[in-house]
Amino acid sequence: MDAGHEVKLLDAEFGPMKLDAIISETRDYNPDAVLLGHSGSTSGHPMASRIAQAVRTVLPRTWLVYGGVFPTYQWPEIMEEQPVFDVIVRGEGEETVVRLMTALEQRHELEKVPGIVLRPGIEPGPRRMTDEWQSGTGRARATAPAPVIKNLDANRIGWELIDHRRYTYYGKRRAVVAQFSRGCPHHCHYCGQHGFWRAWRHRDPVKFAAELARLHREQGVELINFADENPTADRAAWQTFLEALIAEKVPLVLIGTTRAGDIVRDADILHLYRKAGVARFLLGLESTDDATLQAIHKGSTRAIDREAIRLMRKHNIISMAACVAGFVQEEDKDYWRTLRQLLSYDPDQIQALYATPHRWTPFAIQQGKHRVIQTDLSRWDYKHQVLESARVPNWRVLLWVKGIETICQLRPKSLLRMLAHPDRLFRAGMRWYSNIGRRVWIFEIWQWLFFDRRTEKGPRLAEFLKGGWNRVTSRHSVGVQKPKVAGRMPALPVLRSQ
Ligand code: SF4
């Protein structure tokens, strides 16, 4: 908008919108370019692809531009096998998209726009596609990588594009998802965040606090859900932000994700966290075994994880522990140990996730010879088992995961905190999670029983990730065919697209 383009935001995930509605709104608007992105990493790609194909049928000469984590890493396969996309934006897109739109409009050479991949036959100029484009022949070409955005404050968020009254979370509070920092200085081997963002950076802490305060005063926003991978990585910057937000005197509630090590590091300023409004942090504990933590390069230990939870409790901040199941070599005794350790850590809430081998992670390379039991990419959402477990059948992994969730959430200590914790915000957060968690728990079992399709003797992961998902056929299928439209239950908040 600031570069002189007319922009309309269609939030198709809200609802979510039906494909027909997405297409009819897009057709009525008839834009020169459709920019398609999603927050779902691998799991968001199948729907993005369906939308793009449907848009192409009604707007045959509109530019289709695709960006985000999945296309950034997976562009060769996408361009080769799904040539519906004209341009892919690699990496963070704010500056690249403006350069791209300017080049298209002013007929500059597209090859000079860094950070993009071009489908063959694309020429600059409004809706100019050549015969080569029509036939889809030739190889996609990638330009040089775009420079990392140094000043995150230089690209403002277009808050005016959304109607804030529509978005609520955490107990019907008017909510926004905001980002103080991007990237992560750590290198957990199942995670692609450091590769996508390339460097950890943060916004100006005082300006960021003022922006959140303005959202509260002008738009009635009550809850900030941090999209950051790791907002607390720099203690000084984070402390400046907390103090600036406290000085704004706005009753905002903050929730997000961080690392246990940062909580322990900040033991002496955790009162500022609470005073600024931090109500809950999800800690990615991933494992309760020191050897596993070391193997996945988590950079934490059991002692740090346990201490972080204790400190958060002392400051009335809800601790949500994320643990990861579904690793190939796991045995029943590992799940038993996880349960015992989680009970001894005593987090207020837990979230069980499944190991998901996104192609661009070292974890996927390491697991290449193992079989995939979930070949539906839309189920690669951390809530479904993806890799075959060599020693525990899939049904028993599910029993363990659901059993661990039930035991941890229904133990007397947890119930007591939900009903009788002296802090009102703490009680409300516990109640909200319990209500939504109960529904999700039932929904996931229902889906597993009647809708999820798993494979027997599925393809090896390495083959599958080289585009083999297009070649998976029903001969692998067992269980019940899933319907065309999957369930509508909102997933619990999960680790960011990794
Ligand atoms: S899992 Fe979390 S801490 Fe590890 S690299 Fe990813 S964002 Fe960073």
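Modeller: A helix here is a DSSP run of H or I with at least four residues, and helices are numbered from the N terminus. The model under discussion is a predicted one. By this naming, Y382 falls in the loop between α14 and α15.

Biologist: Why is Y382 called buried or exposed?

Modeller: Buried means under 20% relative accessible area. The relative accessible area of Y382 is 9%, so Y382 is buried. Its backbone also deserves attention, as Y382 is not a glycine and yet has a positive phi of about 75°. Most residues other than glycine have a negative phi.

Biologist: The loop between α14 (362–366) and α15 (394–410) also holds S389. What makes S389 buried or exposed?

Modeller: With a relative accessible area of 8%, S389 is under the 20% cut-off and is therefore buried. Beyond its neighbours within four places in sequence, S389 is in contact with F327, V328, E330 and V397.

Biologist: Why is N316 classed as buried, exposed or partly exposed?

Modeller: The class between buried, under 20%, and exposed, over 50%, is partly exposed. N316 has 26% relative accessibility, so N316 is partly exposed. N316 sits in the loop between α12 (302–314) and β13 (318–325). Although N316 is not a glycine, its phi is positive, at about 60°.

Biologist: Why does A103 count as buried or exposed?

Modeller: A103 has 2% relative accessibility; this value is under 20%, and A103 therefore counts as buried. The residue belongs to helix α4 (residues 94–106). A103 and V113 are 10 residues apart along the chain, and their C-alpha atoms are separated by 7.6 Å.

Biologist: How do you know how the span of helix α13 (residues 332–345) compares with the expected one?

Modeller: The expected span is 1.5 Å times one less than the number of residues. Helix α13 has 14 residues and reaches 20 Å from its first C-alpha to its last, close to the expected 20 Å. Its buried residues are D334, Y335, T338, L339, Q341, L342 and Y345. Just after α13, D346 takes a positive phi of about 60°.

Biologist: What describes the packing of helix α7 (residues 205–219) and helix α8 (residues 235–248)?

Modeller: Two packed helices are described by the angle between their axes and the distance between the axes. For α7 and α8 the angle is about 35° and the axes are 8 Å apart. The crossing of α7 with α8 is right-handed. On the α7 side, the contact is made by P205, V206, F208, A209, A210, L212, A213 and R217; on the α8 side, by A237, T240, F241, A244, L245 and E248.

Biologist: How do the residues of the contact of α7 with α8 divide?

Modeller: They comprise 11 nonpolar residues, one polar and two charged. Arg and Glu count as charged, so R217 of α7 and E248 of α8 belong to the charged group.

Biologist: Which residues are the closest to the ligand?

Modeller: The closest are C184, H186, C188, C191 and R259, among 10 residues that surround the ligand. The shell divides into four nonpolar, three polar and three charged residues.

Biologist: What is the peptide bond from G15 to P16, cis or trans?

Modeller: Its omega is near -10°, and the bond is cis. P16 lies in the segment before α1 (19–29). Most peptide bonds are trans.

Biologist: How many helices and strands does the protein have, and what share of its residues counts as buried?

Modeller: The protein has 18 helices and 16 strands. Of its 498 residues, 53% count as buried.

Key: Residues are numbered from 1 along each chain as its sequence is written. This is a predicted model: local features need pLDDT of at least 70, side-chain atom pairs count only at pLDDT 80 or more; totals for chains, interfaces and linings use all residues. Side-chain values use heavy atoms; hydrogens and water are left out. Axes are lines fitted to C-alpha atoms, for helices over the stretch in contact, and angles run from 0 to 180 degrees between N-to-C directions. Helices (H or I, at least four residues) and strands (E, at least two) are DSSP runs, numbered from the N terminus. A crossing is left-handed if the near helix is turned anticlockwise from the far one by less than a right angle, and right-handed if clockwise. Contact means heavy atoms within 4.5 Å. A residue is near a molecule or strand if one of its heavy atoms lies within 4 Å of it. Buried means under 20% relative accessible area, exposed over 50%, partly exposed in between (1.4 Å probe, protein chains only).
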